[in-house]
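Colleague: I'd like to practise reading a fold with you. Could you take me through one, feature by feature?

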Amino acid sequence: MPVIAVLVLDGVPGHELTGPGMCFGTAVRHHPHVAYELRYCTAPGFRGTGSPAPFAIDTPWGLEGLADADTVLLPGHAGFRDEPEPGVADALRAAAHRGARIGAFGTGTFTLAATGLLDGRRAATGRQYAAELARRHPLIDVDPEGAVVDADPFHSAAGVLGGLDLCLHLITLDHGASVAIETERQVFMQLHAPVDAHAPADAEEAPAAAPRHRAGPHSLGPTIRWMEAHLDHPLTLSDIADHAGLTMRGLNRRFRAETGLSPLQYLLRARVQAAQRLLERGDEPVERIAARTGFGTPANLRHHFQHHTGTGPRIYRTAFRSMVAALTWADGKNAEAAEPAASGGADDPGAEGRRR
């Protein structure tokens with residue numbers, strides 16, 4: 001099982017501490033084939049999280065928890081402008097030298113930069129700190145927008161929403177875009193109830209649930225991928241059975257065993273999820289989304305969307321974007337409260353010796 005070690009330094013903003021757990025935990029809960037072990041590893045001198053709501057944590061892991069980690073994550077922290085403790089810098093360098101993946105978000109990028117590991121590479125931090133990072137570490141090509149930067153094996157991002165963008169990027173690398181997209185949707189909206197595995201096989205309506213595919217020796221995976229790639233087509237039960245090479249009765253039985261849903265239930269939920277993704281990420285009109293997802297008409301899309309999510313497409317789009325905007329604003333306010341104002345320039349007394 002891949003091990004992800006979150007390096008917890010003193011004064012870490014609380015939301016940056018909980019973000020990785022929420023993201024990777026959601027991926028594991030909603031995708032049976034996804035597995036992660038998450039460790040929170042405190043460095044010597046750790047006293048607790050930063051403002052505005054400080055709290056203490058107790059973890060069995062210290063810096064030794066990084067020794068066999070596949071991925072090390074470095075959130076922001078209050079003393080990011082200070083030279084990292086020798087033990088912290090050594091642990092990060094050792095992880096890099098043995099081939100571990102290292103991700104930093106928010107002001108955590110400053111600490112990773114101070115080890116010299118990012119020299120000659122591209123990196124990102126919060127927008128408000130990008131100029132300072134570039135000034136302190138001129139050998140790093142700093143992304144001024146704070147976008148997720150992949151400089152394998154180093155990955156960095158602004159830290160918006162507790163580093164979720166970076167965590168979702170790592171999930172994409174590990175398990176593909178579809179798993180990351182569904183994880184993001186579950187993190188933000190938590191819309192679906194668990195699958196009712198005992199619903200009648202011929203029912204075309206069932207309690208809303210995210211489709212789950214459990215691959216086996218004779219998996220329906222190729223047929224499921226074909227369905228998801230052809231949502232805009234008027235697929236029938238006969239079409240799906242022909243593609244799978246099964247009778248319709250056999251198809252229903254196999255679908256129920258592998259996904260907990262009948263083929264038409266699965267198709268309907270896949271269409272609703274596709275509509276959700278389009279509403280979240282673009283400005284296409286509902287009419288166009290209805291056609292792209294196989295619902296045909298806006299009225300049909302609204303009917304099924306309301307049934308499965310409890311709201312209409314336009315309200316969903318507005319609510320999703322308002323929530324993301326509010327959380328982004330809160331993230332910025334928390335960062336301001338947890339971290340002191342930028343100081344000095346090139347004559348910063350801590351600037352020398354960072355390239356050891």
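Modeller: Sure. Let's begin with contacts: two residues are in contact when they have heavy atoms within 4.5 Å. Keep in mind that this is a predicted model. Among contacts in the protein chain between residues at least 6 apart in sequence, 68% join residues at least 24 apart.

Colleague: And what is the chain built from: how many helices and strands?

Modeller: The protein chain has 13 helices and eight strands. It has 356 residues, and buried ones make up 51% of them.

Colleague: Let's take the sheet. What is the strand order?

Modeller: Read across the open sheet of six strands and you get β2-β1-β3-β4-β8-β7, with mixed pairing. The strands at the edges are β2 (37–42) and β7 (149–151); each has a single partner strand, so one side of each is left without a neighbour in the sheet. From one strand to the next, the twist averages 20 degrees.

Colleague: Which way do the neighbours run, and how many bridges join them? Start with β1 and β2.

Modeller: β1 and β2 run parallel, joined by six bridges. To find the register, look for Val-8, which stands opposite Thr-42 in β2. Further along, β3 and β4 are parallel with four bridges, and there Leu-74 has Ala-104 in β4 as its bridge partner. β4 and β8 are also joined by four bridges and run parallel; Phe-105 stands opposite Ala-157 in β8.

Colleague: How do β7 and β8 run?

Modeller: Antiparallel, with three bridges joining β7 to β8 (residues 154–157). Asp-150 stands opposite His-155 in β8.

Colleague: How do I read the connections between parallel strands?

Modeller: Follow the path from one strand over the helix to the next strand, and ask for its handedness. Here β1, α1 and β2 make a right-handed β-α-β unit. β3, helix α2 (residues 86–97) and β4 make a right-handed unit of this kind too.

Colleague: Which strands does α1 touch?

Modeller: Helix α1 (residues 14–30) packs on the sheet and touches β1 (3–8), β2, β3 (71–74) and β4 (101–105). The direction of α1 makes about 170 degrees with that of β2.

Colleague: Now β4. Which of its residues lie on each side?

Modeller: The general idea is that in a regular strand the side chains alternate between the two faces of the sheet. In β4, Arg-101, Gly-103 and Phe-105 are on one side, with Ile-102 and Ala-104 on the other. Both faces are covered, and five of the strand's five residues are buried.

Colleague: Let's move to the nonpolar cores. Which residues touch the most other members of the largest one?

Modeller: Think of a core as buried nonpolar residues joined through their side chains. The largest has 38 residues, and Phe-24, Leu-73, Ile-171, Leu-301 and Phe-305 touch the most other members. Elements giving two or more residues to this core include β1, α1, α6 (177–189) and α13 (313–338). α5 gives the most, with six residues.

Colleague: What does Ile-171 touch?

Modeller: Leaving out residues up to four places away in sequence, Ile-171 touches Cys-23, Phe-24, Ala-27, Tyr-36, Gly-176, Val-179, Ala-180 and Thr-183. There's also a second, separate core of 32 residues, with Leu-7, Ala-69, Ile-140 and Phe-154 among them.

Colleague: Cys-23 turned up in that list. How many disulfides are there in the whole structure?

Modeller: A disulfide is a covalent bond between the sulfur atoms of two cysteines. A search of the whole structure finds zero.

Colleague: Why is Cys-167 not bonded to Cys-23?

Modeller: Because the sulfur of Cys-167 is 4.8 Å from that of Cys-23, its closest cysteine sulfur, and that is too far for a bond. The cut-off is within 2.5 Å. Both cysteines are buried: Cys-23 has a relative accessible area of 1%, and Cys-167 is at 0%.

Colleague: One loop to finish. Is His-137 buried or exposed?

Modeller: For that you check the relative accessible area, where buried means under 20%. His-137 has 1%, so it is buried, although its place is in the loop between α4 (127–136) and β6 (141–143). His-137 and Leu-118 are 19 residues apart along the chain, with their C-alpha atoms separated by 9.1 Å.

How values were computed:
Residues numbered from 1 in each chain as written. Predicted model: local features only at pLDDT ≥ 70, side-chain atom pairs only at ≥ 80, totals over all residues. Heavy atoms only, no water. Buried < 20%, exposed > 50% of the residue type's maximum accessible area, 1.4 Å probe, protein only. Pairing = 2+ DSSP bridges. Axes fitted to C-alpha atoms, helices over the stretch in contact; angles between N-to-C directions. Core = buried A, V, L, I, M, F, W, Y, C linked by side-chain atoms within 4.5 Å.
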